[in-house]
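Here are a few exercises to help you find your way around a new structure. Have a go at each one before you read its solution.

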Amino acid sequence: MTTNNQPNQFKPKIRLPMKIICIGRNYVAHAKELNNEVPGEPVIFMKPDSALLRNNDPFYIPDWTQDVHHEIELIVRINRLGKNIEKKFAHRYYDEIGIGIDFTARDIQNALKDKGLPWEKSKAFDYSAVICPEFVSVSSLPDRNAINFRLDINGKTVQEGNSSLMIFPIDEIISQVSKYFTLKIGDLIYTGTPAGVGPVKIGDHLKGYLEGDKKFDFFVK
Ligand code: ZN
């Protein structure tokens, strides 16, 4: 049977163009493991949409780094246009949560930090932003202020987080970020990683869990 020319198998879950805003050092234990000071306001950086790695596609380690680290993070998807959002209203600007990985070329990042240069090459490179294929509704979570997530590599848990341990909770992040950047529908916020970051190597099998449910599953190549 022939089909018409209307491919219907592609249902984009991500609205493009969009921006990806990331928060650094948002858990005390992680800031300390990298010998960073605990920040007094959120550390904010961005990735372009070309950084997205979707649909459980494999991650290929770039040839210009010897030390790519995994950082599992909760991801918030913005669902309303907003600027200068007050913290008390921030919960109105998202209703879905996902998880992903902020892959970081730690060797490059450390060299850039030493020179006081921007981090983009180490943080915003192609496919550095893993995103789970399906998000979950905030209303389905047992506690929107204490969200559990974890990363397993080759069957062993390497990072475990709970959003109640964030230095800047999600609503505070939205308020702070929206002072500087207008938030648009579809924008993503990676909310920082808990302790336990470390290198990945070829052949590693990464699985991410949100409240115990597997949300992503892919290989490093
Ligand atoms: Zn991160």
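A cavity is a set of points, on a 1 Å grid over the protein atoms alone, where a 1.4 Å probe fits but cannot get out; lining residues have an atom within 4 Å of a point. This is a predicted model, where local features need pLDDT of at least 70 and side-chain atom pairs count only at pLDDT 80 or more, while totals for chains, interfaces and linings use all residues. Residues are numbered from 1 along each chain as its sequence is written, and side-chain values use heavy atoms, leaving out hydrogens and water.

**Exercise 1.** Find the largest cavity and say which residues lie nearest its centre.

*Solution.* Start with the count: there is one cavity of 30 Å³ or more. Its volume, taken as the space filled by probe spheres set on the points, is about 130 Å³. Next, look at the lining: 17 residues, with Gly-24, Arg-25, His-30, Glu-71 and Lys-123 nearest the centre. Finally, sort them by type: four are nonpolar, six polar and seven charged (Asp, Glu, Lys and Arg count as charged, and Gly is among the polar ones).

**Exercise 2.** Work out which strands pair with strand S6 (residues 94-102), and whether S6 is largely enclosed or not.

*Solution.* Strands here are DSSP runs of E with at least two residues, and helices are H or I runs of at least four. Two strands pair if DSSP finds at least two bridges between them. Take S5 (residues 72-78) to begin with: seven bridges join it to S6, antiparallel. Ile-97 in S6 is the bridge partner of Val-76, and Ile-97 also partners Val-136 in S9. S8 (residues 129-131) pairs with S6 too, antiparallel over three bridges. Now check burial (buried means under 20% relative accessible area, exposed over 50%, partly exposed in between, with a 1.4 Å probe and protein chains only). Seven of the nine S6 residues are buried, so the strand is largely enclosed by the rest of the structure.

**Exercise 3.** Track down the salt-bridge partners of Arg-106 and Lys-123.

*Solution.* You're after a side-chain nitrogen of Lys or Arg within 4 Å of a carboxyl oxygen of Asp or Glu. Arg-106 meets Glu-71 at 2.8 Å, N to O. That pair links helix H2 to the loop between S4 and S5, 35 residues apart. Lys-123 meets Asp-102, also with an N to O distance of 2.8 Å. Both Lys-123 and Asp-102 are buried. Last step: shared partners join Lys-47, Glu-71, Asp-102, Arg-106 and Lys-123 into one network.

Notes:
1 Å grid on protein atoms, 1.4 Å probe; cavity = no way out; pocket = protein on both sides within 12 Å on 5 of 7 lines; lining within 4 Å.
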